[in-house]
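I open this page to keep a record of what I looked up, entry by entry, with the criteria written beside each term.

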Amino acid sequence: MAEIDMDDWTKFTDYRGYEKTDQVIEWFWQCIRSWPAERKSRLLQFTTGTSRVPVNGFKDLQGSDGPRRFTIERSGDPQGLPRSHTCFNRLDLPPYQDYESLETKLIFAIEETEGFGQE
């Protein structure tokens, strides 16, 4: 499994409702950087529909309607799970109040759910 270039991923990420300096975004990237390659690939699959990075990196990520950057949008209840929209390469990330909640909910979402519901 190829190692995902985290600097490239963060560089080519857009934010809606968040700034890249917001605490929850800093926790998000800290969390993802600490994960093994397989879990990073699962997150990529969860959010984009593919576990592979384009040959030229995240700048060439495609959505259902052409080029579309990875996007993290502020959305959802902090008690709930993050959601994804693979057609738009978007992760709806609730405003979690602490790092542990963010990591626990994110791992559950990518490892214990499939399709439109939970396994």
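I began with a charge over a ring: Arg-39 lies over the face of Trp-35, at 5.4 Å from the ring centre, where the criterion is NZ of Lys or CZ of Arg within 6 Å of the ring centre and within 35 degrees of the ring normal.

I note that this is a predicted model, in which local features need pLDDT of at least 70 and side-chain atom pairs count only at pLDDT 80 or more, while totals for chains, interfaces and linings use all residues. Residues are numbered from 1 along each chain as its sequence is written, and side-chain values use heavy atoms, with hydrogens and water left out.

Next I looked up ring pairs, meaning rings of Phe, Tyr and Trp (its six-membered ring) with centres within 6.5 Å, called stacked when the planes are under 30 degrees apart, edge-to-face when over 60 and tilted for the rest. I found 5 aromatic pairs in the structure. One of them joins Trp-9 and Trp-29, whose ring centres are 5.8 Å apart with planes at 75°, so I entered it as edge-to-face. Trp-9 belongs to helix H1 (residues 6-11) and Trp-29 to helix H2 (residues 23-34), so this pair ties together parts 20 residues apart in sequence; helices here are DSSP runs of H or I with at least four residues, and strands are runs of E with at least two, numbered from the N terminus.

I also recorded that Trp-9, Phe-28, Trp-29, Phe-58 and Phe-70 form one aromatic cluster.
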